[in-house]
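The exercises below concern one helix and several charged side-chain pairs. Please work through each task with the sequence and the structure open, and then compare your steps with the solution.

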Amino acid sequence: MITKKIQEYASSLLADQVVDCVIGYEVGPRRTTRPIFVDQQADTDRLVWNQNCSHNLTVYLRQKLNDTEGRIGIVVKPCDSKTINVLGAENRIDRDRLHIIGIECEGILEGNVKQNADSGELQRRCLACDLTEPLDMDYMIGGSIERKNLPDNSTSNKLSRWLEKATADDRLEYWLSEFDRCIRCYACRQACPLCDCPTCLFEREDSIWTGSSATTKDNRSFHLGRAFHLAGRCIGCGECQRACPMDINLGELNRVLAREMEEQFHHRAGYTVELSPITTILGEGR
Amino acid sequence: MDFISKKSLESWLASVAETKKLYAPVYTDGVLLYQQPNEIEDIVWDFSRPVQSAKEIIFPQSEKMLTIEKNGQNIQIIENLNNDISVIFGVRSCDARGCLVLDKLLVEAEPVDHYYKTRRENTALVGLACEEMGDTCFCTSVGGGPDNSEGLDVMLHRHQDGYLVEIVSSAGEELFNGIEFDRQDIAFNERRFEPEFVLPSQDLLKSSFDSEIWRSESERCLSCRICAYVCPTCRCFDVRDEPGASNNGTEIVERIRGWDSCSGEAYRRIAGGHNPREAKADRLRNRIYCKLHYTQEQSGMMACTGCGRCIDSCPVNIDITEIIGLILEGEPG
Amino acid sequence: MFEPKIIAFLCTWCSYTGADLAGTSRKSSPWNIRAIRTPCSGRVAPELIIKAFSEGADGVLVLGCHIGECHYDSGNHRTAKRIPLLSSLLTITGLEPERLRLDWVSASEGVRFSQIAQEFTETVRELGPCKWNAPDLFFATQPEIVEATETKVEVGS
């Protein structure tokens, strides 16, 4: 039903020349859900909506806005709309050049979206999600569902709770074995809509921050540094972890920082068009 | 062929691990990789293929080439050549073909890659034939096959509760020297696999250079490097000199080479910031052409072994078989 | 007795001068402290602290001007926010939080500098050597870069 509405609306947007291109989801020949860029009315029937639409499409916005003159239509899940708020606050995108098509979302399924082998369970971020519709949009599709805060019995949550209680040595051992697998393909960085420095600090020719070799030590510096750069900005879309071919638990670093941001600064990234408090001066009472 | 039971193979593996570095498919935190197993029991026998190919061991992600030690006026350059004798167990046919491609480009062509050559010569490949094709595999379409023993030293074919041993090279013979086989001379029925699709001709590839498909297929590319890093034949690298912590007044600089990939944005950036392969479409085209066309022209070998890893690992489902299909569709006439 | 290696990032305007004052007024500070002079405590990027631990520091001390006294107006505001956040990130990845300390020392507080330096050194001494940079403690085999010394080439003399 939502699929049909997206197709019709995208078609009308392109027909009326409101936008140059619509970024949405399609199902590929291997039955895998993936991003698609539609710039012709004839192709709008390829657009779909299903519970495997895990990708955060806002990652393409910057490049697409640079490449075109006109406006861009984009299919946005409630959680993804937080990214647009952060990007807007940081003046990285021109909100006026976007046409946001908001989608009601019942949650995205867990499982390797790459291989389309979903387990039938909701993703962890969806269990704790409190949004039924995007925070900012130009057109809403659906919007009648009710959101329940579901119990989180995921293995990932159990792991987080174990980590919280674990001794320093156990934590160190756990993370060293995670970072040990990293092959420095930088998929986490590329898949992140907020990680878009022209040249990454960790990949500069003259970089003294961290070595380029894939040793456990350098990998750790890279991942901790990257997580820190996203403090107060990361909206928890989990794309970094989903993209990781080595299945490194990157989301945990972001969750820890998000929790600290909330406890220390009462800040939840992306809920308002606001900069990360870490980039501003101390406020009253602190 | 001679037959060996799984039990005997395991004790053989244990004896190999005593004298050599043994790498085998092992799960670490749910990820299957070629690693040194702590226990022989940790080795996984039934698997489709590890996330990384066997390339990871003979052409590692990062390798220390030189260490430069400077103590006052005294400068020493120490070359770090790896002389470990290794055996990789459980190599798939596609990975073995990958090694043959790497040999062609890094050893048989000038200049010879000294570091690769040393490792390669000291590493024996023991294969495990695939019993069936995986979902994304297409080795049969690029000239290989799930039980093809090309490039391996020994190939093991599943037979009842054990394996038939196909000795391929003299190095393989040496590995099994003095091993008592459980049964001998068992007839081996080679299975026939049909290609899944026909590859585009080299001429068609040439004429597809300016096709529209490069732009449309690359649009969703994230410019990460997964496809190249999991590929058994991608061999581009970057060399960097990195300062290490000084040790009692001795300054240390290490020359490190690490993998690089043409799908990364900065791969072709040159002085002054100009980038001749700036568009994602150009980068994707380069990668596909490198696999299907350039290497074929240069060395006579297809640089795609049909392992399908890039298809499985791509976060946005860029699919080389789909692109091949699109190239074929664009064929005139 | 275990002698910890401690890296201290000192703001040049306050804390570095404070450390100087500690010296000129004959207040003793432990030699374990290796001072690095920075233009402002706000310049101490989190990557530098991670780098210090990764290169083998047992503790990192960041000292800046008191809030309201920053030479650059608000540099230390950023430090005040970053360090606690970094501390929680390092804690969850296996570093004892006591190994990273942020404090404020003005140019006239030589005594305070000496006190903090001594306190911190003792805290880190009690914690013992930092395991952060010692993966060997956990992994018997390091799969990445393999040491193998072959040929030595002498250059120069």
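**Exercise 1: A charged pair**

Lys131(C) and Asp169(A) form a salt bridge through their side chains, with N and O 2.5 Å apart; the term denotes a side-chain nitrogen of Lys or Arg within 4 Å of a carboxyl oxygen of Asp or Glu. The model is predicted, so local features need pLDDT of at least 70 and side-chain atom pairs count only at pLDDT 80 or more, while totals for chains, interfaces and linings use all residues. Residues are numbered from 1 along each chain as its sequence is written, chains are lettered from A and ligands numbered from 1 in the order in which they are written, and side-chain values use heavy atoms, with hydrogens and water left out.

Task: Work out where Lys131(C) and Asp169(A) lie and why the pair joins two chains.

Solution: Begin with Lys131(C), which is found in the loop between helix H4 (110–127) and strand S5 (149–155) of chain C, and then place Asp169(A) in helix H6 of chain A, so the pair joins two chains. Helices (H or I, at least four residues) and strands (E, at least two) are DSSP runs, numbered from the N terminus. Next, consider accessibility: Lys131(C) is partly exposed at 30%, and Asp169(A) is partly exposed at 29%, where buried means under 20% relative accessible area, exposed over 50%, and partly exposed in between (1.4 Å probe, protein chains only).

**Exercise 2: The helix that carries Asp169(A)**

Task: Determine which residues of H6(A) are buried and what covers them.

Solution: First, take the extent of helix H6 of chain A, residues 168–180, whose 13 residues reach 18 Å from the first C-alpha to the last, close to the 18 Å expected, the expected span being 1.5 Å times one less than the number of residues. Second, list the buried residues, among them Arg171(A), Trp175(A), Glu178(A) and Asp180(A). Third, identify the cover, which includes helices H5 (155–165), H8 (216–229) and H10 (250–265) of chain A, together with helix H3 (75–92) of chain C.

**Exercise 3: A pair within chain B**

Task: Establish how many residues apart in sequence the parts tied together by Arg49(B) and Asp312(B) are.

Solution: The side chains of Arg49(B) and Asp312(B) form a salt bridge at 3.1 Å, N to O. Arg49(B) belongs to the loop between strand S3 (31–35) and helix H2 (55–58) of chain B, and Asp312(B) to helix H10 (residues 309–313), so the pair ties together parts that are 263 residues apart. Finally, both Arg49(B) and Asp312(B) are buried.

Definitions and conventions: Contact means heavy atoms within 4.5 Å.
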